[in-house]
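Colleague: I should like to learn how the features of a model of this kind are read. May we take them one after another?

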Amino acid sequence: MVDNIKPELIIINIGLAYMNGYELCDALKQKDGMEDIPVVFVTGRNFSEDKGREFFRAGAEYVTKPIEEAPFHAIVDKLLVSSNIG
């Protein structure tokens with residue numbers, strides 16, 4: 001699906017069934033035209049290890065669950081504006 005569209009922002013849950021969110025981010029960032037798209041990682045865990053790994057995987061933000069709507073919208077708006085999309 002990603003090959004057919006160019007998303008403005010990618011939101012990835014770290015805990016996925018077949019690969020983790022970091023692996024998915026790596027795969028997406030290797031696609032032409034995807035390297036500058038901001039990525040928000042979402043997780044139910046709150047480990048400092050995850051937060052450190054996220055920045056090495058080209059993540060723009062790290063959000064823990066439960067997600068609070070207003071702060072999450074502010075993060076998304078900030079990333080879209082900073083990437084000149086929003």
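Modeller: Let us begin with the contacts along the chain. Of the contacts in the protein chain between residues at least 6 apart in sequence, 48% join residues at least 24 apart. Please keep in mind that this is a predicted model.

Colleague: How many helices and strands does the protein chain have, and in what order do the elements run?

Modeller: The protein chain has three helices and three strands. Read from the N terminus, its elements follow the order β-α-β-α-β-α. Buried residues account for 34% of the 86 residues.

Colleague: In which sense do S1 and S2 pair, and over how many bridges?

Modeller: S1 and S2 pair in the parallel sense, over four bridges. Within this pairing, Ile11 has Val40 of S2 as its bridge partner. On its other pairing, S2 joins strand S3 (residues 61–64), again in the parallel sense and over four bridges. There, Thr43 stands opposite Thr64 in S3. With H1 added, S1, H1 and S2 make a β-α-β unit that is right-handed.

Colleague: Which side chains of S1 point to the buried face?

Modeller: The side chains alternate along S1: Ile10 and Ile12 point to one face and are buried, whereas Ile11 and Asn13 point to the other and are not. In S2, by contrast, both faces are covered. Val39, Phe41 and Thr43 are buried on one side, and Val40 and Val42 on the other. Five of the five residues of S2 are thus buried.

Colleague: What surrounds Val40 in strand S2?

Modeller: Val40 has a relative accessibility of 0%, and because buried means under 20%, it counts as buried. Leaving aside neighbours within four places in sequence, its contacts include Leu9, Ile10, Ile11 and Ile12. Glu61, Val63, Phe72, Ile75 and Leu79 are also in contact with Val40. The C-alpha atoms of Val40 and Gly59 are separated by 6.0 Å, with these positions 19 residues apart along the chain counted as their separation.

Colleague: Is Asn13, at the other extreme of our discussion, buried or partly exposed?

Modeller: Asn13 has a relative accessible area of 27%; it is partly exposed because this value lies between the limits of 20% and 50%. Asn13 belongs to strand S1 (residues 10–13). Not counting residues up to four places away in sequence, Asn13 touches Gly21, Val42, Thr43 and Lys65. Its side chain also reaches the backbone nitrogen of Gly15, at 3.3 Å. Between the C-alpha atoms of Asn13 and Val63, which are 50 residues apart along the chain, the separation is 9.5 Å.

Colleague: How should one read the buried face of a helix?

Modeller: An α-helix has 3.6 residues a turn, so residues three or four places apart point the same way. In H1, the buried residues are Gly21, Tyr22, Cys25, Leu28 and Lys29. Seen down the axis of H1, these buried residues fall within an arc of 125°, so they line one face of the helix. At the start of H1, a side-chain oxygen of Asn20 comes to within 2.8 Å of the backbone nitrogen of Tyr22.

Colleague: What describes a pair of aromatic rings?

Modeller: Such a pair is described by the distance of the centres and the angle of the planes. The structure holds one aromatic pair. Tyr22 and Phe41 form this pair, at 5.0 Å centre to centre and with 50° between the planes, and it is tilted. Tyr22 lies in helix H1 (residues 21–29) and Phe41 in strand S2 (residues 39–43), so the pair ties together parts that are 19 residues apart in sequence. Tyr22 counts as buried at 1% relative accessibility, and Phe41 is buried at 0%.

Colleague: Which peptide bond is cis?

Modeller: Most peptide bonds are trans. The bond from Lys65 to Pro66 is cis, with omega near 0°. Pro66 is placed in the loop between S3 and helix H3 (69–82). Lys65 has already appeared in our discussion, among the residues that Asn13 touches.

Notes
Residues numbered from 1 in each chain as written. Predicted model: local features only at pLDDT ≥ 70, side-chain atom pairs only at ≥ 80, totals over all residues. Heavy atoms only, no water. Helix = DSSP H or I, 4+ residues; strand = E, 2+ residues; numbered from the N terminus. Buried < 20%, exposed > 50% of the residue type's maximum accessible area, 1.4 Å probe, protein only. Contact = heavy atoms within 4.5 Å. Polar contact = N/O pair within 3.5 Å; in protein donor to acceptor, adjacent residues only side chain to side chain. Phe/Tyr/Trp six-rings, centres within 6.5 Å; stacked < 30°, edge-to-face > 60°. Pairing = 2+ DSSP bridges. Right-handed = clockwise from strand over helix to strand, strands pointing away. Arc of directions from axis to C-beta.
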